[in-house]
Number of protein chains: 2
Amino acid sequence: MKKYGSEEERVLAFKALSDAKRLQILELLKARGESCCSLVARDETGLCACDLEDALGVSQSVVSHHMDALCRAGLVLREKRGRWMYYSRNEPALARLAETVAKEI
Amino acid sequence: MKKYGSEEERVLAFKALSDAKRLQILELLKARGESCCSLVARDETGLCACDLEDALGVSQSVVSHHMDALCRAGLVLREKRGRWMYYSRNEPALARLAETVAKEI
DNA sequence: TCTTCATATCCACATTTATAGATATATTGA
DNA sequence: TCAATATATCTATAAATGTGGATATGAAGA
């Protein structure tokens, strides 16, 4: 299984995790929660940005920046469906990171 | 086994890991390397600050700050022996962190 | 087409972090 | 006691990051 190989990747991942709000976001994504604004089907996977905005109590641009950090680190996936951007955990990447911490840090 | 329980502890730990020089320091501590300035016994555990200063090519105060970050996060232990401060990996803490990433992030 | 809405990006500002030189503290050895 | 050494702390500065308001983009629906 491919690890978080380069030092640069690792730094990016740990940076993404070194913020309380972003840890909360990963937690929220784990629970998956209610669908966006009660407008979309309950069986959608992922959460849209406005869900996170409500849940975290921060401005829309802040959510967008945090999601960008998590996506750049590869820990979260983004997918546009209609006018919403859905975010979901990249479980394989999170598992590789855990493996890296266990074996190589 | 106790995990990295509080969010605050986790943030501190990830912040400590989100820097290339600090990752290198953990690597150097794993190898343990030569003893300080060839002045102390070869079977000493840990590395002193001046070893790290040489290995990383940064100023003394920078080493001190980085070690402070790693110690505050609990990932590294410091022990003063003579006029040298010896640093070593806190393996149980690193293992708990790996467990936390695997199970709770 | 026009309006509304969701989100990314831009901009400005505040806070945090990294860095290095200078100084202080403490230990060792002469 | 004094000089040398190792390291922490102080100070200043530069760089990175977090934040939120404003604007731009793009999709949906009337």
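Begin by selecting B:Val11, which lies in helix H1 (residues 7-17) of chain B. The model is predicted. B:Val11 counts as partly exposed because it has 19 C-beta neighbours inside 10 Å, whereas 20 or more would make a residue buried. Next, display the residues that B:Val11 touches, leaving aside those up to four places away in sequence: A:Ser18, A:Asp19, A:Ala20 and A:Leu23. Then add B:Ala73, which is 62 residues from B:Val11 along the chain; the C-alpha atoms of the two are separated by 8.8 Å.

**The contact between chains A and B**

Extend the selection to the whole contact, to which chain B and chain A each bring 17 residues. On the side of chain B that touches chain A, at least two residues come from each of H1, helix H2 (20-31) and helix H5 (91-104). H1(B) holds the largest share of that side, with six residues. Colouring the side of chain B by class gives twelve nonpolar residues, one polar residue and four charged residues.

How are the two chains related? Chain B superposes on chain A through a rotation of 180° with 0.0 Å of shift along its axis, at an RMSD of 0.0 Å. The two copies are thus related as by a two-fold rotation axis. To locate this axis from chain B, select B:Phe14: its C-alpha atom is 2.6 Å away, and no residue of chain B comes closer. The copies meet through the same surface, because 100% of the interface residues of chain B are also interface residues in chain A.

**The nonpolar core**

Now select the largest nonpolar core, a set of 44 residues. The members with the most contacts inside this core are A:Ala13, A:Leu75 and A:Leu97, together with B:Ala13, B:Leu75 and B:Leu97. Centre the view on B:Leu97. Residues up to four places away in sequence aside, B:Leu97 touches B:Tyr4 and B:Ala13, and also A:Val101 from the other chain.

**The hairpin of chain B**

Move to strand S2 (residues 76-81) and strand S3 (residues 84-89) of chain B, which run antiparallel and are joined by six bridges. Which residue of S3(B) is the bridge partner of B:Val76? The partner is B:Arg89. Two residues lie between the strands of this hairpin, where B:Gly82 takes a positive phi near 65°.

**The surfaces near the DNA**

Select DNA strand C, which is surrounded by 24 residues. The closest are A:Cys48, A:Cys50, A:Ser61, A:Ser64 and B:Ser61. Helix H3 (49-56), helix H4 (60-72) and strand S3 (84-89) of chain A, along with helix H4 (60-72) of chain B, each supply at least two residues of this surface. H4(A) gives the most to the surface near DNA strand C, namely five residues. By class, the surface near DNA strand C comprises ten nonpolar, seven polar and seven charged residues.

Finish at DNA strand D, which also has 24 residues around it. Those that come nearest are A:Ser61, B:Cys48, B:Cys50, B:Ser61 and B:Ser64. For this surface, at least two residues come from each of H4 of chain A and helix H3 (49-56), H4 and S3 of chain B. Which element gives the most to the surface near DNA strand D? H4(B) does, with five residues. The surface near DNA strand D divides into ten nonpolar, seven polar and seven charged residues.

Methods:
Residues are numbered from 1 along each chain as its sequence is written. Chains are lettered from A and ligands numbered from 1 in the order in which they are written. This is a predicted model: local features need pLDDT of at least 70, side-chain atom pairs count only at pLDDT 80 or more; totals for chains, interfaces and linings use all residues. Two strands pair if DSSP finds at least two bridges between them. Helices (H or I, at least four residues) and strands (E, at least two) are DSSP runs, numbered from the N terminus. A residue is buried if 20 or more other C-beta atoms lie within 10 Å of its own, exposed if 12 or fewer, and partly exposed in between; C-beta atoms are placed from the backbone. Two residues are in contact if their C-beta atoms, placed from the backbone, lie within 7 Å. A residue is near a molecule or strand if its C-beta atom, placed from the backbone, lies within 6 Å of it. Ala, Val, Leu, Ile, Met, Phe, Trp, Tyr, Cys and Pro count as nonpolar, Asp, Glu, Lys and Arg as charged, and the others, Gly among them, as polar. A nonpolar core is a set of buried Ala, Val, Leu, Ile, Met, Phe, Trp, Tyr and Cys residues joined through C-beta atoms within 7 Å. Copies are superposed by least squares on the C-alpha atoms of residues with pLDDT of at least 70 in both.
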